[in-house]
Amino acid sequence: MSKAALLMLVLTMLAPGLASAEGEPGTPQERAACRADVRKFCQAVKPGSGNAAFLTCLVERRNDISPACLTVLQNHNIL
């Protein structure tokens, strides 16, 4: 299995653990912490691609994302 495929599998399994009651990933504060990073670094991810696609993008750009978003990912054991 390729590294990218394995990462996607892991993120897909973790994503439900991040979902709130409304089906959105994380809390409103966590989403706000990563919103600018998603807009800046994940423009190639198409809307409707699913939460795992956006998480994968953020993980791939972990050296570039904001400290607040990095903390969110670390707090959920994604990084």
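A polar contact is a pair of N or O atoms within 3.5 Å. The legends below use this term for a predicted model.

**Figure 1. T56 and the backbone of A52.** This view shows T56, a residue of helix α3. A polar atom in the T56 side chain lies 2.8 Å from the backbone oxygen of A52. This distance falls within the 3.5 Å cut-off. Is T56 buried or exposed? T56 has a relative accessible area of 10%, so T56 is buried; the cut-off for buried is under 20%.

**Figure 2. D37, a buried charged residue in helix α2.** Helix α2 covers residues 28–41, and D37 is part of it. D37 counts as buried because its relative accessibility is 7%. Which side chain of opposite charge is nearest to D37? That side chain belongs to K40, at 6.5 Å, and D37 has no salt bridge. A salt bridge would need a side-chain nitrogen of Lys or Arg within 4 Å of a carboxyl oxygen of Asp or Glu. The D37 side chain does make a polar contact, with the side chain of S66, at 2.7 Å.

**Figure 3. The surroundings of D37.** Which residues does D37 contact, once neighbours within four places in sequence are left aside? They are C42, L58, I65, S66 and C69. One of them, I65, is 28 residues from D37 in sequence, yet the two C-alpha atoms are 5.8 Å apart in space. Another, S66, is the partner of D37 in the side-chain polar contact of 2.7 Å.

**Figure 4. The disulfide between C34 and C69.** The whole structure holds two disulfides, and this view shows the one formed by C34 and C69. In this pair the sulfur atoms are 2.1 Å apart. The torsion about the S-S bond is about 105 degrees, so the disulfide is right-handed. C34 belongs to helix α2 and C69 to helix α4, so the pair ties together parts that are 35 residues apart in sequence. Both cysteines are buried. C69 is also among the residues in contact with D37.

**Figure 5. The disulfide between C42 and C57.** C42 is joined to C57 by a disulfide, with an S to S distance of 1.9 Å. C42 sits in the loop between α2 and α3, whereas C57 is in helix α3; the two are 15 residues apart, and their bond links distant parts of the chain. Is this disulfide right-handed or left-handed? The torsion about its S-S bond is about -100 degrees, so the disulfide is left-handed. C42 is buried, with a relative accessible area of 3%. C57 is buried too, with a relative accessible area of 9%. When the bonded cysteines are numbered in sequence order, the pairing is 1-4, 2-3.

**Figure 6. The largest nonpolar core.** In soluble globular proteins, nonpolar side chains tend to be buried together. In this model the largest nonpolar core has 14 residues. Which of them touch the most other members? They are C42, L58, I65 and L73. Helices α2, α3 (51–60) and α4 (67–75) each supply at least two residues of this core. Helix α3 gives the largest share, five residues. Not counting residues up to four places away in sequence, C42 touches D37, F54, C57 and L58. Among these, C57 is the disulfide partner of C42, and D37 is the buried residue of Figure 2.

Technical notes: Residues are numbered from 1 along each chain as its sequence is written. This is a predicted model: local features need pLDDT of at least 70, side-chain atom pairs count only at pLDDT 80 or more; totals for chains, interfaces and linings use all residues. Side-chain values use heavy atoms; hydrogens and water are left out. Helices (H or I, at least four residues) and strands (E, at least two) are DSSP runs, numbered from the N terminus. Buried means under 20% relative accessible area, exposed over 50%, partly exposed in between (1.4 Å probe, protein chains only). Contact means heavy atoms within 4.5 Å. A nonpolar core is a set of buried Ala, Val, Leu, Ile, Met, Phe, Trp, Tyr and Cys residues joined through side-chain atoms within 4.5 Å. A polar contact is a pair of N or O atoms within 3.5 Å; within protein, one must be able to donate a hydrogen and the other to accept it, and residues adjacent in sequence count only if both atoms are side-chain atoms. A disulfide is a pair of cysteine sulfur atoms within 2.5 Å. Lys and Arg count as positive and Asp and Glu as negative; His and the chain ends are not counted.
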